[in-house]
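Hi,

Here is the structure I said I would pass on. Have a look at it first, and my notes on what turned up follow below.

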Amino acid sequence: MKRINSKVQPILWEHKKLLVLDQRLLPHEKKYLELTSCKDVISAIKEMVVRGAPLIGITAAYGMAVAANEFKKLEADKLINKLKVIGEEIKSSRPTAINLKWAVDLVLNTIFELRDTDSIISAVEKRAKWIHNDDVDRCEKIGEYGASIIPKSANILTICNTGALATGGIGTAFGVILTAHRNNHNVHVYASETRPRQQGARLTTFECFENGIECTLISDTACGYMMQKGNIDLVIAGADRIAANGDTANKIGTYQLAVLAKEHNIPFYIAAPLSTFDLSINSGVEIPIEERDEKEVKEIHGKHICVKEIKASNPAFDVTSGKYISGIITEKGILKDDLSGSIRKIFNTVALV
Ligand code: MRU
């Protein structure tokens, strides 16, 4: 199968400079911001200049490279200690996505035995580039496995954005859709708008448009109706963290889609790389859910949509129990049926870095 390139490039590492596409401005403006310090990197992740679990993992890794350069005057042991502290801050910048921890720990494991500053700086940079390229490959394989379960003609409902804007490659759930489309499946996407940050409306429809995929934008509240009408053949979503039993945290609203899909007998798939699994937790109950600023719910384009004094709650993610998931599409194959067992098996058989 030929390699599929995506058109959108959300992160660039050029001549030791970290540039990120400011996703808050999409689809209207394509503007890159240079992140010159670890503080810039942490704030870009928190403010969702960059977003999507695999992409913030990649950003975290390059963020460690930025930090290593920023503190290059320190002696080796002091630099390593500094990077450990910065790594902890990066990990907590968005608490639900496990990819942050995965990427930072990989970087730290690469350097802990090094004893001179220059080798640490170049090893961090090399590891960050590796993490970026590795995600390109993972997405491609997820796309190939996932495309095998897409009917020749399919109406696919998805939520949030899981494409090139959320990963290093073609995406996870969106990568499956894109691969099926490139393999001549007749796919039509229903993009759920994804209140309050509108990743579905702003980013997924943009990626569909850029890739020539037929797409209809619907409000989050229309998803049940569309299923009831028989308009949806399957649902595919991404993940921010998957527990050992298959329970999956993803964008707020995913859980209700999964429950509705079960009610209407519609397959509900998650697509995610193994870097999104957290085997240190047994179930979704243990996944920390990021609570974001209530402004995101109360305001649209800086204007209140409710009485100013009203309290709002803004959980950014929810957890879908494994019992609602028809399968998890990974770069090593599709996990089905006994999710706990198949997750354990796949992690026992793959060589992890
Ligand atoms: O808040 P976001 O935009 O970072 O949330 C992103 C999602 O929920 C995605 O579905 C998930 O990170 C997987 S991206 C391949």
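Let me start at the N-terminal end, where β1 and β2 run antiparallel and are joined by four bridges. Please keep in mind throughout that this is a predicted model. The two strands make a hairpin with two residues between them, and His 15 in that turn has a positive phi of about 45 degrees. Across the pair, Trp 13 stands opposite Leu 18 in β2.

Strand β1 (residues 11–14) has two unlike faces: Ile 11 and Trp 13 are on the covered one, while Leu 12 and Glu 14 are on the uncovered one. That fits the general pattern, since side chains in a regular strand alternate between the two faces of the sheet.

Leu 18 is worth a click. This residue is found in strand β2 and is buried, with a relative accessible area of 1%. What is Leu 18 in contact with, leaving aside its neighbours within four places in sequence? The list includes Ile 11, Leu 12 and Trp 13 from the hairpin partner, plus Leu 33, Leu 35, Val 41, Tyr 62 and Val 66. Val 66 is 48 residues away from Leu 18 in sequence, yet their C-alpha atoms are 7.5 Å apart in space.

Next, the sheet. Seven strands form an open sheet with mixed pairing, in the order β6-β5-β4-β7-β10-β15-β16. β6 (214–218) and β16 stand at the edges with a single partner strand each, so one side of each has no neighbour in the sheet. On average, neighbouring strands here are turned by 25 degrees against each other, direction ignored. Within this sheet, β4 (residues 153–159) and β5 (residues 186–192) pair in the parallel sense over seven bridges. If you want a landmark for that pairing, Ser 153 stands opposite Asn 186 in β5.

At the β16 end you will see helix α11 (residues 339–349), which lies across β15 and β16 and runs at about 145 degrees to β16. Its buried residues are Leu 339, Gly 341, Ser 342, Ile 343, Ile 346 and Phe 347. They pack against β8 (241–243), β11 (277–278), β15 and β16.

Now the charged pairs. A search of the whole structure finds 15 salt bridges, and these are the ones I would look at:

- Lys 30 and Glu 210 meet through their side chains at 4.0 Å, N to O. Lys 30 is in the loop between β2 (17–21) and β3 (32–35) and Glu 210 is in helix α7 (residues 199–211), so this pair ties together parts that are 180 residues apart in sequence. Lys 30 is exposed at 55% relative accessible area, whereas Glu 210 is partly exposed at 22%.
- Glu 88 and Lys 91 form a salt bridge at 3.0 Å, N to O. Both lie in helix α3 (residues 76–93), three residues apart, about one turn of the helix. Glu 88 is partly exposed, with a relative accessible area of 47%, but Lys 91 counts as buried at 17%.
- Glu 331 forms a salt bridge with Arg 138, with the closest N and O atoms 2.6 Å apart. Glu 331 is in the loop between β15 (327–330) and β16 (333–335) and Arg 138 is in helix α5 (residues 117–147), so the pair connects parts that are 193 residues apart in sequence. Glu 331 and Arg 138 are both buried.
- Arg 94, Arg 197, Glu 290, Arg 292 and Glu 296 are linked in a network of salt bridges.

Finally, the ligand. Which of the 18 residues around it come nearest? Those are Arg 51, Gln 199, Asp 240, Asn 250 and Lys 251. For Gln 199, an N or O atom of the side chain is 2.8 Å from an oxygen atom of the ligand. Lys 251 likewise has a polar side-chain atom 2.8 Å from a ligand oxygen. Arg 94 comes up again here: besides belonging to the salt-bridge network, its side chain has an N or O atom 2.8 Å from an oxygen atom of the ligand.

Cheers

Key:
Residues are numbered from 1 along each chain as its sequence is written. This is a predicted model: local features need pLDDT of at least 70, side-chain atom pairs count only at pLDDT 80 or more; totals for chains, interfaces and linings use all residues. Side-chain values use heavy atoms; hydrogens and water are left out. Buried means under 20% relative accessible area, exposed over 50%, partly exposed in between (1.4 Å probe, protein chains only). Two strands pair if DSSP finds at least two bridges between them. Axes are lines fitted to C-alpha atoms, for helices over the stretch in contact, and angles run from 0 to 180 degrees between N-to-C directions. Contact means heavy atoms within 4.5 Å. A residue is near a molecule or strand if one of its heavy atoms lies within 4 Å of it. A polar contact is a pair of N or O atoms within 3.5 Å; within protein, one must be able to donate a hydrogen and the other to accept it, and residues adjacent in sequence count only if both atoms are side-chain atoms.
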